[in-house]
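Subject: Structure handover

Hello,

Here is the structure we talked about handing over. Please load it before reading on; the notes follow below.

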Amino acid sequence: MKISFVDPSDAKGSLAVLSFEDDGLSSAASAVNDSTGGAAMRATGASRFRGKVGQIAEILAPGGVEADRVLVVGAGKADKLDRDALERIAASAVKRVLASGEKSLTLRLDGVKVSADDAAAAGVAAHMAAYRFDHYRTNLDADKKPSLESFQIAVDDAAAGEDAWSRYQHIAEGVSLARDLVGEPPNVLFPAAFAERCQALEAQGVEVEVLDEKKMAELGMNALLCVGQGSRKESKLAIMKWMGGDNDEKPILLVGKGVCFDAGGISLKPGDRMWDMKADMGGAAGVTGAMRAIAGRKAKVNVIGIVGLVENMPDGDATRPSDIVKSASGQTIEVQNTDAEGRLVLSDALWYGQTHFDPACVIDMATLTGAMVISLGQEYAGVFTNSDTLWSGLEEAGKNGSEQVWRLPLADGYDRLLDSDYADMKNIGGRAAGSITAAQFLGRFIDKDRDWAHIDIAGVAMKDKRDDPREPVWGTGWGVRILDRFAASREK
Ligand code: BES
Ligand code: MN
Ligand code: ZN
């Protein structure tokens, strides 16, 4: 679907116009209402329309205008029209006509006070709403296929909109990339295949290096390697570099958990919904998508993205509960549960990034714990950090990118739960505070005085609820936008 920013006079196809909860029709909506002999007001009056964000009253074949369809879209309270509301408005309008047979839709934001960046963010949301993962369907009915080919946003300053979109379109592409990665089945997207998708970012000017098992063994990355030990698929570490900032500027380091399938290993998971674990590379997908966005818009900032790619399978050669491995940092780990594998992968990936790049800050992202789903559900991702600055940066970036985060604690008392009788630590801390002890485990691999945040996205990487028009049925591609906005906040 092609997205562009146009003058109101260039509106084409179906029209979407706004109606506010308290103030009624926007100026563009009023004009349409007048041309149609009051059809917009009649439609809202006849359909319990209250102007809630994303609510739609649809008028088919109205008289007096060329458009085959007018959507009156609820815009909420006029003084609360923020970026998130604009995004939901654009996404709902697109969702409504996506497979309706209509080929073109114009959203009229002219006459409404919106910044070019917010209008461009609405474009991202529209792109997200149009996203589908249909690659493996061979018999989709013709009338179920998307028909919408172009989406225009009419604004007062189309040139400024286009200019912002020239950057924001890369965020949209980044989200699609992350969703594609999450959607791919693990027989297709195994570690080496994922690494190849990272390498494709070279087209955007990203420098990509991929380490194989031999190289990682030389580096002593046994914590990561022990996870893939029972898999036929070779483990990989992909390193993506975008150096858009000054030479002497320390990079932001992003690290993603890329468990292409998590069967649990010898601590085998129950079969129920085990298929969800094809998304256990959601953190790596988010990091890769963010790199796509950051490089695509040529951000003036240095960012390194590292993804630890493995498959966690049961096998005669697989790591056993009670095995002790020595991580690249030198610390030893008693693996009491092979299903707590994400932290093992991340510990070595975090070590690699810190020792090789001396980053200004480290942010890791992972579908790390089921406990996260229990505590915050599918609304907020949990953030664990040793830095108040990093926390406020992420909270703000979350708001600007419409991905919500909530801070949870780190503390010595939790850390002690990881002490082992046989090694420097064990990889599980017991039933209590499962997401926090997982974060504490990662914290043991963070250099002293290094700003670090861990984002547990187990609850938000895949969703079964369907109340957000920007989200597809399952793999959300969560993290691209918050990481991109965080990087943007550190641009010169
Ligand atoms: N990938 C899972 C966590 C997960 C569960 C993500 C559900 C998304 C949805 C992780 O590797 C895992 O298995 N964690 C265990 C840790 C436990 C053994 C300490 C868990 O959460 O049960
Ligand atoms: Mn697991
Ligand atoms: Zn896992």
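α15 gives the largest share of the lining of the second largest cavity, with three residues. Keep in mind that this is a predicted model.

**Second largest cavity**

This cavity holds about 60 Å³ of space. Its lining is made of R83, E87, A121, V124, Y168, I171, N400, G401, R481, D484 and R485. Four helices each supply at least two of the lining residues: α3 (83–97), α4 (116–129), α5 (158–183) and α15 (480–489). By class, five lining residues are charged, four nonpolar and two polar. Where does the second largest cavity lie relative to domain 1 and domain 2? It lies between them, because domain 1 (2–156) and domain 2 (173–489) both give residues to its lining.

**Largest cavity**

The structure holds two cavities of 30 Å³ or more. The largest cavity has about 70 Å³ of space. Lining it are C226, V227, G230, G265, N312, M313, A318, T319, V335, T338, E341 and L344. Six of the lining residues are nonpolar, five polar and one charged. E341 is also a donor to the zinc ion (ligand 3) and to the manganese ion (ligand 2).

**Zinc site**

The zinc ion (ligand 3) has protein donors from K257 (NZ), D262 (OD), D280 (OD) and E341 (OE). They lie 2.0 to 2.4 Å from the ion. Six donor atoms surround the zinc ion (ligand 3), with angles of 77 to 175 degrees. The site is octahedral. Along the sequence the donor residues are spaced K-x4-D-x17-D-x60-E. Two of these donors, D280 and E341, link distant parts of the chain, 61 residues apart. D280 sits in the loop between β10 (252–262) and α9 (282–296). E341 sits in the loop between β13 (332–335) and α10 (342–357). Are D280 and E341 buried or exposed? Both are buried.

**Manganese site**

The protein donors of the manganese ion (ligand 2) are D262 (OD), D339 (O), D339 (OD) and E341 (OE). Their distances from the ion run from 2.1 to 2.2 Å. Why is the arrangement around the manganese ion (ligand 2) irregular? The six donor atoms subtend angles of 72 to 168 degrees, and that makes it irregular. The donor spacing along the chain is D-x76-D-x1-E. D262 lies in strand β10 and D339 in the loop between β13 and α10, so this pair ties together parts that are 77 residues apart in sequence. D262 has a relative accessible area of 2%, so it is buried. D339 counts as partly exposed because its relative accessibility is 21%, and the cut-off for buried is under 20%.

The two metal ions share a ligand residue. The manganese ion (ligand 2) and the zinc ion (ligand 3) are 3.2 Å apart, and D262 coordinates both.

**Largest pocket**

The largest pocket has a volume of about 910 Å³. Its lining has 35 residues, and K269, D339, T369, G370 and A371 lie nearest the centre. β10, α11 (370–376) and α14 (434–443) are the elements that give two or more residues to the lining. α11 gives the most, with four. The lining divides into 13 charged, 12 nonpolar and 10 polar residues. D339 turns up here again: it is one of the residues nearest the pocket centre, and it is also a donor to the manganese ion (ligand 2).

Best regards

Methods
Residues numbered from 1 in each chain as written. Chains lettered and ligands numbered in written order. Predicted model: local features only at pLDDT ≥ 70, side-chain atom pairs only at ≥ 80, totals over all residues. Heavy atoms only, no water. 1 Å grid on protein atoms, 1.4 Å probe; cavity = no way out; pocket = protein on both sides within 12 Å on 5 of 7 lines; lining within 4 Å. Points joined across faces, edges and corners; volume = space filled by probe spheres on them. Nonpolar A, V, L, I, M, F, W, Y, C, P; charged D, E, K, R; others polar. Domains from an automatic or database assignment. Donors = N, O, S within 2.8 Å, 3.2 Å for Na, K, Ca; no water. Tetrahedral: all angles 85-135°; square planar, octahedral: opposite > 155°, others 65-115°. Buried < 20%, exposed > 50% of the residue type's maximum accessible area, 1.4 Å probe, protein only.
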